[in-house]
Amino acid sequence: MNDISPTPGKCPVMHGGVTSVDSSKMDWWPKALNLDILHQHDTKTNPFGPGFKYREALKALDMNALKNDMKALLNDSQDWWPADWGHYGGLMIRMAWHSAGTYRIADGRGGGGRGNQRFAPINSWPDNVSLDKARRLLWPLKKKYGNKISWADLIILAGTMAYESMGLKTFGFGYGREDIWHPEKDVYWGSEKEWLAPTGSEGSRYSGERDLENPLAATMMGLIYVNPEGVDGKPDPLKTAHDVRITFARMAMNDEETVALTAGGHTVGKCHGNGDASKLGPAPEGADVDEQGLGWANHSDRGIGRNTVSSGLEGAWTSNPTKWDNGYFEMLLNHEWELKKSPAGAWQWEPVDIKEDDKPVDVEDPSIRHNPIMTDADMAMKMDPEYRKISERFYKDPAYFSEVFARAWFKLTHRDMGPKARYIGPDVPAEDLIWQDPVPAGHTNYDIGGVKTKIAASGLSVSDLVTTAWDSARTFRGSDKRGGANGARIRLAPQKDWEGNEPQRLARVLSVLEPIAAASGASLADVIVLAGNVGIEKAAKAAGFDVTVPFAPGRGDATAAMTDAESFEVLEPLHDGYRNWLKKDYAVRPEELMLDRTQLMGLTACEMTTLVGGMRVMGTNHGGAKHGVFTDREGALTTDFFVNLTDMGYKWKPTDQGLYEIQDRKTGQTKWTATRVDLVFGSNSVLRAYAEIYAQDDNKEKFVHDFIAAWTKVMNADRFDLL
Ligand code: HEM
């Protein structure tokens, strides 16, 4: 025998817990559904305890004291990681920007709203080299102010105050970003197998004529946005411009905001590449314990100050890199630039000719001067015709540039927080901004019972009532807190025309509900939700249960002028496991799409099961299709979906149309038709366990109550006005 055991005679296999992440029990079945994404940041693992409310904790924060401490920290250079020119501003801004800049509009995930930069994979992305130091520099403040300030807020505050300290009049700041406490499992960052894998590598995010896979916004695995050296590391400002435009559009930024952000970002700070990148140790997640959570350690060279290597490019963009000024455009537009290699071997642009006095000074010794540099993305701001027009305008009108930048920075760092009601603190700007999806306050003092009576007598079916309320609420996503029933945007473009909303049926139902709203003083948004509640109460009654669905009035109706219709397009449902509908065939299995949507809606696997089971028996399938409704008592809130799904008196046979016939084993007759998503609740072992609980005879009433609890959660998911 080959003795590979470190302790001869004993079993060489380590028994005990599976504590490493290299393989999991489920890897044997790669097609199994990963329900874990629905069970993140559970109360059981919450280190703050169940009663902790960040919004409440923030009330005790001395915001002035924190700001004063932050100002002092920005200029308090530490020997272990000295500040360039004695000012940490550039580093802190890059940290805040990289935190916010992972946001993408397609699924609202990413962004700086949860403090996810502290955890893998983002803490160890190649683009985030040295930001571990930036966060560690903030630790004394986090320690001092404790739970009264989240990491997520602290990171964005650091960047914002850095600008303030360098002379920019910022647009404002809102606290309120709540921290997560372990990595996110639901975010798809790409399929490549290597960091910075070039286009066309295994799992490439590009297809066709450089079409970037959705929902991704970054161009490479491990980058926040675009490659600074050029597409796939090959300098070509026009090609880079194409990438920048797409990446920033997917961060919700237009051309003007993109130029403002890039220029404003590089008005301060510098690139770090004065050394040998191969001497950097592993990223934080792969580093040894003695690195204590830091990464990219350089134990063979000095590796700090002027010898820091982060991106590998080297140099500042402007003559005064610790000052908010117009130096970026002066530099970019008034010089010719040529390609050079940095000391670390990265491509960068340097001026063909520049006066000695215009060169930025060394970070440690002001008597030494270095060439300024431009990344390929900076050159795009000059070479791309549209970007150039904007650059020239900013150059000529510095006040306008500052104003556009300040607003774009505010948007960048707050967009993923959702509605303004979530911002806290004295520096929240009063102005309503269209990208906040504003909703006016609605009335609360109307006769709720009277409205419900009118709805009940309106002749609308249970299916119509429940479906319309569901469709108005289901757009909500917890990722960036957009969508939802509040605002009644379901009656506006583009939502009223979405195929998933069945426009004709929707128009018919709204034509009944609108006059009821108008006559009562309630908002249509409230009436739509009330309609759903009335439908559920009727359905529960038909199943033998007298219940009242909880309701909080006060939703408002947004107008078309308050709605950036184009920005709502990303919220269009293309599938809905709850309404048993798929717009078209995707490469992804419909049950995975359902899980993704469920995660975005903030529901657990059990809540998902409850809701699907209830929606099926109330006949809310898309288009009123009969498949998926396996009950003889449609419209009653029974557990029939689960009872029939788990009944061995039936068998399940695939049909040519991708559906399943439910046949009576004895008679051989087809009784109902099911979809793939329906059958997942009987086939997946975890979902089946939930389904079996509801199929038990003793749980009929529990089901009604669980359904109502989950339903109410969905209807109120966007009630930030109640916070
Ligand atoms: C078009 C996209 C952009 C590219 C390709 C890019 C690229 C880079 C690179 C390569 C560095 C050097 C990092 C290092 O070695 O330390 C850097 C630094 C920096 N970037 Fe950007 N950037 C972009 C956009 C932005 C934006 C939008 C902002 C903020 C609004 C920003 C703010 C900064 C700051 C402040 C630094 C200096 C960091 C320091 O002084 O330590 N950048 N950027």
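This report looks at the ligand surroundings and the aromatic contacts of a predicted model.

## Around the ligand

Let's start with the ligand, which has 24 residues around it. Y225, H266, K270, H272 and S311 come nearest. By type, the shell divides into 14 nonpolar, 8 polar and 2 charged residues.

Several N or O atoms of the protein face the ligand at short range in the list of contacts. The side chain of H272 places an N or O atom 2.6 Å from a ligand oxygen, and a backbone N or O atom of K270 lies 2.9 Å from an oxygen atom of the ligand. For W97, an N or O atom in the side chain is 3.1 Å from a ligand nitrogen. Two or more shell residues come from each of α3 (89-100), α7 (255-265) and β3 (270-271), and α3 gives the most, with 5 residues.

## Aromatic pairs

The count of aromatic pairs comes to 35. One of them joins F630 and W672 in a tilted arrangement, with 6.4 Å centre to centre and 40° between the planes. F630 sits in the loop between α18 (605-617) and α19 (640-645) and W672 in strand β11, so this pair ties together parts that are 42 residues apart in sequence. Both residues, F630 and W672, are buried.

F642 and F703 have ring centres 5.7 Å apart and planes at 75°, so they form an edge-to-face pair. This pair links helix α19, home of F642, to helix α22 (residues 700-716), home of F703, across 61 residues. F642 and F703 are buried as well.

## Charges over rings

Two cases are handy to inspect in the viewer. K133 lies over the face of W81, 4.9 Å from the ring centre, while R393 lies over the face of Y400 at 3.8 Å from the ring centre.

Technical notes: Residues numbered from 1 in each chain as written. Predicted model: local features only at pLDDT ≥ 70, side-chain atom pairs only at ≥ 80, totals over all residues. Heavy atoms only, no water. Near = heavy atom within 4 Å. Polar contact = N/O pair within 3.5 Å; in protein donor to acceptor, adjacent residues only side chain to side chain. Helix = DSSP H or I, 4+ residues; strand = E, 2+ residues; numbered from the N terminus. Nonpolar A, V, L, I, M, F, W, Y, C, P; charged D, E, K, R; others polar. Phe/Tyr/Trp six-rings, centres within 6.5 Å; stacked < 30°, edge-to-face > 60°. Buried < 20%, exposed > 50% of the residue type's maximum accessible area, 1.4 Å probe, protein only. Lys NZ or Arg CZ within 6 Å of the ring centre and 35° of its normal.
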